[in-house]
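Here is a guided walk through the model, written to be read with the structure open beside it. We start with charged pairs, then go inside to the cores and helices, and end at the surface and the backbone.

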Amino acid sequence: MRLPGPAKDMFKALRQAMWNSRLSRLPSGPNGSRLLHIGCGDVNSPEFINLDARPLPHVHIVSRNIFNLRSIPDASLDMVYMSHVLEHVPRGQLLQTLKEMGRVLKTGGLLRISVPDFDHIIRIYEETGGDIHAIAPALMGGQDYEFNFHYSVFNKHYLAETLHKAGFTDVESWDPAHCDHHDFDDWASRQINYDGRLFPISLNLQARKMA
């Protein structure tokens, strides 16, 4: 539902005031930068504001819908990070979800993403002789709790195209071993071990919010 102008302005002002009151209790990165880790899970980097659906001790913002960032004002963050999270968004909601991340980023802010790479999944399927067991978790999610189901698939072309449509620019690959704000281990750098064989699985792209 769209709010009328005065109500929308009042909501924005209230959201900003509530956010400002929380900032002193939230972590910050270098030079006071604000970095958000969506779907942080067990990862707890001291630089990041952690958002997750599960109320873990290190999670600062708990939300069953981790892609609804309505508690965060416009242009408040310097970076948004997600690792193996975007595939949990229904395909028809991808564009709006990425636009919402653009809303909370400052101009020039960084959106950094890691997702299962469908091209890698195809390669794993072929190299294991068409073994469904080898690709099922990466393709469809672990399905071991209610949020762990995959709705979308990505390769480099499709994800880059979707980022551009959502208003991002400067789309490029990023390396977990050679980038800032990544002093932890997660799926962005891991490989799948199947029957003693290691296979790369992740597509890592980042992009900037356009002016």
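Ten salt bridges turn up when the whole structure of this predicted model is searched. In general, side chains of opposite charge can pair when their charged atoms come close. Three of the pairs are set out here, with the separation of their closest N and O atoms.

| Basic residue | Acidic residue | N to O distance |
|---|---|---|
| Arg 103 | Asp 74 | 2.6 Å |
| Arg 190 | Asp 185 | 3.0 Å |
| Arg 197 | Glu 127 | 3.5 Å |

Take the pair of Arg 103 and Asp 74. This salt bridge links distant parts of the chain, 29 residues apart: Arg 103 belongs to helix H2, while Asp 74 sits in the loop between strand E3 (61–62) and E4. Asp 74 is partly exposed, as its relative accessible area is 32%.

The pair of Arg 197 and Glu 127 spans a separation of 70 residues in sequence; because Arg 197 lies in strand E8 and Glu 127 in helix H3, the salt bridge ties those parts together. Both partners count as partly exposed, Arg 197 with a relative accessible area of 38% and Glu 127 with 41%.

Arg 190 and Asp 185 also meet through their side chains. Arg 190 is partly exposed at 32% relative accessible area, and Asp 185 is partly exposed too, at 48%. Elsewhere, salt bridges with shared partners join Lys 12, Arg 15, Asp 74, Glu 100 and Arg 103 into one network.

Now for the interior. In soluble globular proteins, nonpolar side chains tend to be buried together. Which residues touch the most other members of the largest nonpolar core? They are Ile 38, Leu 86 and Leu 111, in a core of 35 residues. Several elements each supply at least two residues of this core: strands E1 (35–38), E2 (48–52), E4 (77–83), E5 (105–116) and E9 (202–209), together with helices H2 (94–104) and H5 (156–165). There is also a second, separate core of nine residues, and among them are Leu 35, Met 79, Leu 110 and Ala 188.

Leu 111 is a good place to look around. Setting aside neighbours within four places in sequence, Leu 111 is in contact with Val 80, Met 82, Leu 98, Met 101, Leu 105, Leu 163, Phe 168, Leu 205, Gln 206 and Ala 207.

Next, two helices that pack against each other. In H3, the buried residues are His 120, Ile 121 and Ile 124. Viewed down the helix axis, the buried residues of H3 fall within an arc of 100 degrees, so they line one face. They pack against E5, H4, E7, strand E8 (197–200) and E9.

Helix H4 (residues 132–140) has Ala 134, Ile 135 and Ala 138 as its buried residues. These cover an arc of only 60 degrees around the axis, which means that they are on the same side of H4. Their packing partners are E5, H3 and strand E7 (191–194).

Between E5 and H3 there is a loop, and Asp 117 is found in it. Is Asp 117 buried or exposed? Asp 117 is buried, because its relative accessible area is 7% and the cut-off for buried is under 20%. Leaving out neighbours within four places in sequence, Asp 117 is in contact with Phe 154, Asn 155, Ile 201, Ser 202 and Leu 203. Asp 117 is also 8.7 Å from Ala 138, C-alpha to C-alpha, with their positions 21 residues apart in sequence.

Out at the surface, Phe 118, Ile 122 and Val 153 make a nonpolar patch of about 210 Å². Ile 122 has its place in helix H3 (residues 118–127) and counts as partly exposed, with 34% relative accessibility.

Last, two backbone details. Asn 31 is a residue other than glycine with a positive phi, near 60 degrees. Asn 31 lies in the loop between helix H1 (5–23) and E1, and is exposed, with a relative accessible area of 87%. Asp 170 likewise has a positive phi, near 55 degrees, and is found in strand E6 (residues 168–173).

Key. Residues are numbered from 1 along each chain as its sequence is written. This is a predicted model: local features need pLDDT of at least 70, side-chain atom pairs count only at pLDDT 80 or more; totals for chains, interfaces and linings use all residues. Side-chain values use heavy atoms; hydrogens and water are left out. Patches are made of residues with over 30% relative accessible area and no salt bridge: like charges are joined within 9 Å, nonpolar side chains (Val, Leu, Ile, Met, Phe, Trp, Tyr) within 5 Å. Accessible areas come from the Shrake-Rupley method with a 1.4 Å probe; for residues, only the protein chains shown count as cover. A salt bridge is a side-chain nitrogen of Lys or Arg within 4 Å of a carboxyl oxygen of Asp or Glu. Helices (H or I, at least four residues) and strands (E, at least two) are DSSP runs, numbered from the N terminus. Buried means under 20% relative accessible area, exposed over 50%, partly exposed in between (1.4 Å probe, protein chains only). A nonpolar core is a set of buried Ala, Val, Leu, Ile, Met, Phe, Trp, Tyr and Cys residues joined through side-chain atoms within 4.5 Å. Contact means heavy atoms within 4.5 Å. The arc is that of the directions from the helix axis to the C-beta atoms.
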